[in-house]
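Please walk through the following model with its sequence and coordinates open beside the text. The paragraphs move from single residues to helices and then to the surface.

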Amino acid sequence: MPDRPKATKGSNTPNKVVAELKTLLIGYARQEIVTPLTQLGRTLKLGILGGLSIGVGLVFLAVAGLRLLQTEASGVFDGNMSALPYVAVLIGVVAVLAAAVVVRARMSRGGHQ
């Protein structure tokens, strides 16, 4: 059996090993946990802000379309047809939302087909 060299004094003391392990674990945690979570937070903030903006814009557009149908075509939608502008606006909003879902699905697949 070969002789092991004697360790020099203070080269690998338990305190030094624990300090190096602590430094290594903190660096790893920053690199693999904290940094990706910070980037995810930024992305989520922008996504939520964009979604809210589109939602508010769609509501304003729907109200404007309803107002347009009710004021400009005032004689057409009287009596039994008074609910028709609401149905038309609802169909328009559903069409816009469906188009958004289709575009999002294509983007998540990674290309055009």
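In which helix does Leu61 lie? In this predicted model, Leu61 lies in helix H1, the element that runs over residues 14–72. Leu61 is exposed, because its relative accessible area of 58% is over the 50% that the term requires. Across the chain from this position one can look to Val93, which is 32 residues away from Leu61 in sequence, while the two C-alpha atoms are separated by 9.0 Å.

The next residue to consider is Ala62, which also has its place in helix H1. Ala62 has a relative accessibility of 18% and therefore counts as buried, the limit for that term being under 20%. What does Ala62 contact, once its neighbours within four places in sequence are left aside? The contacts of Ala62 are then with Val89 and Val93. A further distance concerns Ala88, whose C-alpha atom is 9.8 Å from that of Ala62, although the two positions lie 26 residues apart in the numbering sense of being that far apart in sequence.

Ala62 belongs to a short list, since the buried residues of H1 are Leu58, Ala62 and Leu66. These buried residues of H1 pack against helix H2, which covers residues 84–109. For the protein as a whole, which has 113 residues, 5% count as buried.

With both elements introduced, the overall architecture can be stated: the protein has 2 helices and 0 strands. H1 contains 59 residues, and at 1.5 Å a residue these should span 87 Å, so the 85 Å between its end C-alpha atoms agrees with the expectation. Along its course, H1 bends by about 35 degrees at Arg30. H2, with its 26 residues, reaches 38 Å from its first C-alpha to its last, which is close to the expected 38 Å at the rise of 1.5 Å a residue. Just after H2 comes Gly110, where phi is positive, at about 95 degrees.

The surface completes the picture. The accessible surface of the protein amounts to about 10100 Å², and 68% of this belongs to carbon and sulfur atoms. Where on the surface is a nonpolar patch made, and by which residues? Ile33, Val34, Leu37, Leu40, Leu44, Ile48 and Leu52 make such a patch, with an area of about 680 Å². One of these residues, Ile33, has its place in helix H1. Ile33 is partly exposed, because its relative accessible area is 46%, a value that falls between the 20% limit for buried and the 50% limit for exposed residues.

Methods. Residues numbered from 1 in each chain as written. Predicted model: local features only at pLDDT ≥ 70, side-chain atom pairs only at ≥ 80, totals over all residues. Heavy atoms only, no water. Patch = residues over 30% accessible without salt bridge, like charges linked within 9 Å, V, L, I, M, F, W, Y side chains within 5 Å. Areas by Shrake-Rupley, 256 points an atom, 1.4 Å probe, with all protein chains shown as cover. Salt bridge = Lys/Arg side-chain N within 4 Å of Asp/Glu carboxyl O. Helix = DSSP H or I, 4+ residues; strand = E, 2+ residues; numbered from the N terminus. Buried < 20%, exposed > 50% of the residue type's maximum accessible area, 1.4 Å probe, protein only. Expected span 1.5 Å × (residues − 1). Bend = angle between axes of the 7 residues up to and from the residue. Contact = heavy atoms within 4.5 Å.
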